[in-house]
Amino acid sequence: MNPVVYVLGGPDGYGAVTDDWGAIGLDLDLMAGPDYAHTLTDGAPAGPFAETDRDDCVQAGVLTDPDRKVLLLFVLEGPSVEMRTRRAALALLRAAWPGWEVRWAYGGQTDLRTYVGLDPADDPGRGAYPWDGNIFDANAATQAAGDGDLTVVTVEAPGRCHLACYESDHPVMHGPAVLDQLGTLTDHGAYRELAAAGLHVDPERRRVGWWITHHQVHHDAAAARWPGWTVEFWGDRWAEHRAASGGRFDPTEPDDTAALADVRDAALLHWSPFRHEPDGSVRLAGLDGPSRASLRGAAARTVIEDAYRTAAASGNSRAARGG
């Protein structure tokens, strides 16, 4: 399963639709723009997004607020969480949702609940670790390195670099105890490839900086796990980590022009006909089965193409200004 939650704003407040399938490709779903977002629930009735709905195992979620024109999302897999294509994917999303504020929910469902007015501090799981496994498992980190699905941890003094397997659990959530875990691990010296997240620790100054392209449940509680330390959250700005690490984390900057074209192609394929069902209906490549969204494929591809041209023109304009 790849469970997903859709939170829908309307005149009667917020309702939610959950589905056991649909998390993978949610960012590509949304690149069809706001006129087609309602088809993703396939007509399922929205129930209350209640304080008791605390299934933080969902892999993706989206909140649409038509009144405020806000789109809030998080996913576990897709171009929007891959370092090489993240900026391009968010640029294409923003172009496909003109007039809307597109925000990333770094706290996953925590952020969705906070947006609708629920208090995340009331969640009894707030103090738990999302994943109790060994995040510094050497074999897992080595296997993940090829896909960039890992966290880079650098330490200011004596100057170390370690790789942690990213499994929906950022090392920052473990507090200063993470330094004890690092003591027995191999120092990689430096890392210059793709990553999903990063952490820089300066023990002498008792300062911590961290970033992530995915989401971390209750990310707003990270600072409380480092009492007496200064904890800075960098969002997805891995350049902050590069600057702080003294060269121990120095990834090649992604080619945003090439990445934008790749994301467009992925979105177009996602919304392209895959096959006809026995009843004559069309299944799209990015859907698990026939649905109302299948009727929107051609129109969705037009939105994606238009959004690509807008995003590409905006990128060229920024480049011309030197920004």
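Of the 323 residues in this chain, 49% count as buried, and bear in mind that the model is predicted. DSSP-wise, you're looking at nine helices and 13 strands. Long-range contacts carry a good share of the picture: among contacts with a separation of 6 or more, 69% link residues 24 or more positions apart. On the outside, the chain exposes about 14700 Å², with carbon and sulfur atoms supplying 50% of that area.

**Nonpolar cores**

- The largest nonpolar core takes in 75 residues, and Leu30, Met31, Trp97 and Leu112 have the most contacts inside it.
- Helix 3 (residues 86-96) makes the largest contribution to this core, with seven residues.
- There's also a second, separate core of eleven residues, including Met83, Val152, Ala195 and Trp234.
- As background, nonpolar side chains tend to be buried together in soluble globular proteins.
- What does methionine 31 touch, leaving aside residues up to four places away in sequence? Its contacts are Ala89, Leu92, Leu93, Ala96, Val263, Ala267, Val303 and Ile304.

**Helix 3**

- Helix 3 is mostly covered, with eight of its eleven residues buried.
- The buried set is Arg86, Ala88, Ala89, Leu90, Leu92, Leu93, Ala95 and Ala96.
- Ala89, Leu92, Leu93 and Ala96 are buried in helix 3, and these four also turn up on the contact list of methionine 31.

**Strand 1 and its partners**

- Strand 1 (residues 4-10) is mostly covered too: five of its seven residues are buried.
- Strand 1 pairs with strand 2 (residues 13-19) in the antiparallel sense, over seven bridges.
- A hairpin makes the connection between these two strands, using two residues to get from strand 1 to strand 2.
- Strand 1 also runs parallel to strand 4 (residues 60-65), joined to it by five bridges.
- Valine 4 shows both pairings: its bridge partner in strand 2 is aspartate 19, while its partner in strand 4 is alanine 60.

**Salt bridges**

- The structure holds 13 salt bridges.
- Some of them are part of a network, which links Arg87, Arg242, Asp250, Glu253 and Asp256.
- Arginine 205 pairs with aspartate 202, with the closest N and O atoms 3.0 Å apart.
- Are the two partners buried or exposed? Arginine 205 is exposed, because its relative accessible area of 56% is over the 50% cut-off. Aspartate 202 is buried, because its 8% falls under 20%.
- Arginine 237 and glutamate 240 meet through their side chains at 3.5 Å, N to O. Arginine 237 is partly exposed at 41% relative accessible area, and glutamate 240 is partly exposed at 32%.
- Arginine 309 bridges to aspartate 306, with 2.4 Å between the closest N and O atoms. Both residues sit in helix 9 (residues 297-321), three residues apart, or about one turn of the helix.
- Arginine 309 is partly exposed, with a relative accessible area of 49%, so it falls under the 50% line for exposed. Aspartate 306, at 36% relative accessibility, counts as partly exposed as well.

Definitions and conventions. Residues numbered from 1 in each chain as written. Predicted model: local features only at pLDDT ≥ 70, side-chain atom pairs only at ≥ 80, totals over all residues. Heavy atoms only, no water. Core = buried A, V, L, I, M, F, W, Y, C linked by side-chain atoms within 4.5 Å. Buried < 20%, exposed > 50% of the residue type's maximum accessible area, 1.4 Å probe, protein only. Helix = DSSP H or I, 4+ residues; strand = E, 2+ residues; numbered from the N terminus. Contact = heavy atoms within 4.5 Å. Areas by Shrake-Rupley, 256 points an atom, 1.4 Å probe, with all protein chains shown as cover. Pairing = 2+ DSSP bridges. Salt bridge = Lys/Arg side-chain N within 4 Å of Asp/Glu carboxyl O.
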